[in-house]
Amino acid sequence: MVYLKINDEGKTSEVNIEERAVIGRLPECTVQLKEPHASRKHAVIYLHGEQWYVRDLDTRNGTFVNGERIQDRELNPGDVITIGRAELTFVDDSAPEAGKPAEGDATPGQEEKVGEYKIIKEIAHSSYARVCEVQKEGVSREMVMKIIDPGAFAGGVDDLFATARALAAVDHPAIASIYEVDPHGDRPYVVSELAHGLSLAELIASRQRLPHERARKIVIRVAEGLQAAHVKGVVHGNLKPRNILVEDRDEIKLVDFGCICRIESVGDQDRAAFAGIPYYIAPEQILKNPVDERTDIYALGAILYSMVTGVPPFTGGSDEQIVQKHLTEEPEGLKRLVPDLPEHLCRTIERALAKDPGARFQNMPELLAALAGDVSQPTLRPEEEISEKEVPTSDTPPMGAAARRAAMEKEGNPAFAFFAGIFLILMLVAMFLGASNIGRQARQLMEKIFHLTP
């Protein structure tokens with residue numbers, strides 16, 4: 001677990017960090033300080049590859065690590081970040097002690113193997129798995145192995161590996177291919193494609209927030225990959241920016257289906273729900289209700305929110321407080337944070353983040369249609385309402401002047417009715433006058449006005 005021990009204004013606290021944490025005085029900051037010398041957004045801590053860093057956000061008072069002012073610096077366990085009089089100690093419980101290999105590593109000079117695979121190096125590790133780059137004799141492709149700790153799963157690993165086999169049948173460029181699944185032995189594992197690229201978490205951290213059009217296109221590619229998995233009955237269940245790798249030309253790879261579970265299978269929901277810092281967790285996971293494709297839609301909505309605003313929908317406080325916000329609070333308005341965000345994209349994110357799964361998009365095709373701009377027509381304001389007869393249809397030909405005049409007469413033109421009334425009055429006068437000159441002149445006048453023929 002990675003976290004900060006904070007001493008701010010004489011009060012101590014701890015805040016867990018997943019992949020990025022903004023430090024400052026604003027309420028939406030991951031770490032909110034009372035220190036008056038801190039800027040509204042003062043510094044950011046972020047993970048790049050396997051290394052943590054801290055970056056000063058061009059502040060007047062500066063950010064210090066172990067007494068030295070920094071701009072962008074590596075963070076190691078025990079480092080003390082100083083902002084004004086506030087002190088934040090960086091703690092990484094998962095890091096091995098100096099000079100001691102991580103659990104399961106081979107001792108120096110000894111080759112480590114799992115089955116027929118040789119461990120090249122460890123890439124990452126968590127409470128339930130190690131992730132290592134591996135090689136197999138006679139195979140040239142780059143591969144990564146996830147070595148599962150069976151003891152971390154109270155209900156066993158059968159469902160996990162059954163889902164991994166289902167995912168192996170998914171052939172989509174946005175999903176890292178699975179090559180082998182071996183649930184047997186003391187060190188069960190899954191071997192998959194080694195994907196390269198910058199994680200989406202690193203991309204967000206380096207740019208604060210992404211242009212909305214770029215964010216939309218990246219999320220479309222993620223959604224297309226998830227749709228292919230959903231067709232095979234597989235939900236990711238652990239979507240977060242760190243599990244999305246952005247390659248050249250913004251092509252993406254979905255990795256670490258770390259909490260993968262079959263659609264409508266509850267499985268070990270305690271573990272699935274809280275496997276990571278819960279910035280992107282769906283309410284049904286918190287409540288231990290069954291998960292389905294709408295669970296991934298919620299997480300993807302939270303990720304898109306983070307991409308366009310630079311912060312997750314809910315931040316601040318402990319993990320438990322963030323979890324509670326997913327259940328009871330609404331995120332800060334998108335238009336307030338990003339005034340130029342297109343209205344249809346705001347509506348798409350808001351619907352994806354609905355707390356009730358029934359109010360969200362019901363599947364990835366629906367979400368993809370909304371992201372592509374195919375949204376339902378908004379309700380017209382009264383001043384925008386248009387009469388149906390004014391709206392031409394595809395089978396209504398253009399009307400010429402004569403046709404329009406005839407249509408107007410047919411619909412009841414008020415001017416026509418006025419002159420017709422005068423005509424009838426004059427005709428009655430003419431009847432009394434007989435063939436007098438006045439009668440003939442009145443008739444000739446009416447013929448000129450209405451183009452009448454004898």
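Helices here are DSSP runs of H or I with at least four residues, strands are runs of E with at least two, and both are numbered from the N terminus. Counted in that way, the protein has 13 helices and 22 strands. Please keep in mind as you look around that this is a predicted model.

Let us start with the whole chain. The protein has 454 residues, and 44% of them count as buried. Its accessible surface is about 24300 Å², with 51% of that area belonging to carbon and sulfur atoms. How do the contacts spread along the sequence? Taking contacts between residues at least 6 apart in sequence, 56% join residues that are at least 24 apart.

Now for some helices. A good place to begin is helix 6, which covers residues 293-309, together with helix 9, which covers residues 343-352. The axes of helix 6 and helix 9 lie 8 Å apart, and the two helices pack at an angle of about 135°. Angles over 145 degrees would count as roughly antiparallel, and helix 6 and helix 9 are therefore described as oblique to each other. Helix 6 passes helix 9 in a left-handed crossing. To find the place where they touch, look on helix 6 for Ile297, Tyr298, Gly301, Leu304, Tyr305 and Val308, which meet Leu345, Ile349 and Ala352 of helix 9. Sorted by class, this contact of helix 6 with helix 9 has eight nonpolar residues, one polar residue and no charged ones.

Helix 9 also has a contact with helix 10, which runs over residues 364-371. Here the axes come within 9 Å and cross at roughly 160°. That angle makes helix 9 roughly antiparallel to helix 10. The crossing of these two helices is left-handed. On the side of helix 9, the residues to look for are His344, Leu345, Thr348 and Arg351, and they meet Glu366, Leu367, Ala370 and Leu371 of helix 10. By class, the contact of helix 9 with helix 10 has four nonpolar, two polar and two charged residues. Leu345 is worth a second look: it meets residues of helix 6, and it is also among the residues that meet helix 10.

From helix 10 we can step on to helix 3, residues 212-231. Helix 3 and helix 10 pack at an angle of about 165°, and their axes are 9 Å apart. The two are therefore roughly antiparallel to each other. Once again the crossing is left-handed, with helix 3 passing helix 10. Helix 3 brings Arg216, Val219, Ile220, Ala223, Glu224, Leu226, Gln227 and His230 to this contact, while helix 10 brings Met364, Pro365, Leu368 and Leu371. By class, the contact of helix 3 with helix 10 has eight nonpolar, two polar and two charged residues. Leu371 thus appears in the contact with helix 3 and also in the contact with helix 9.

Next, some single residues. Where does Ile252 sit? It is found in strand 21. With a relative accessibility of 2%, Ile252 counts as buried. Leaving aside neighbours within four places in sequence, Ile252 is in contact with Pro173, Ala174, Ile218, Arg221, Val222, Ile244 and Leu245. One of these partners, Ile218, is 34 residues away along the chain, and the two C-alpha atoms are separated by 7.3 Å.

Just before strand 21 comes a loop that holds Arg249, between strand 20 (244-246) and strand 21 (252-254). Is Arg249 buried or exposed? At 78% relative accessibility, Arg249 counts as exposed. Its backbone deserves attention too. Most residues other than glycine have a negative phi. Arg249, however, has a positive phi near 55°.

Asn66 shares this trait, with a positive phi of about 55° although it is not a glycine. You will find Asn66 in the loop between strand 7 (63-65) and strand 8 (68-70). Asn66 counts as partly exposed, with a relative accessibility of 43%.

Our last stop is Thr59, in the loop between strand 6 (51-56) and strand 7. Although it is in a loop, Thr59 is buried, with a relative accessible area of 10%. Apart from residues up to four places away in sequence, Thr59 touches Ser39, Lys41, His42 and Arg69. Thr59 and Ser39 are 20 residues apart in sequence, and their C-alpha atoms are 6.7 Å apart in space.

Note on methods
Residues numbered from 1 in each chain as written. Predicted model: local features only at pLDDT ≥ 70, side-chain atom pairs only at ≥ 80, totals over all residues. Heavy atoms only, no water. Axes fitted to C-alpha atoms, helices over the stretch in contact; angles between N-to-C directions. Parallel < 35°, antiparallel > 145°, perpendicular 65-115°, else oblique. Left-handed = near helix turned anticlockwise from the far one by under 90°. Contact = heavy atoms within 4.5 Å. Nonpolar A, V, L, I, M, F, W, Y, C, P; charged D, E, K, R; others polar. Buried < 20%, exposed > 50% of the residue type's maximum accessible area, 1.4 Å probe, protein only. Areas by Shrake-Rupley, 256 points an atom, 1.4 Å probe, with all protein chains shown as cover.
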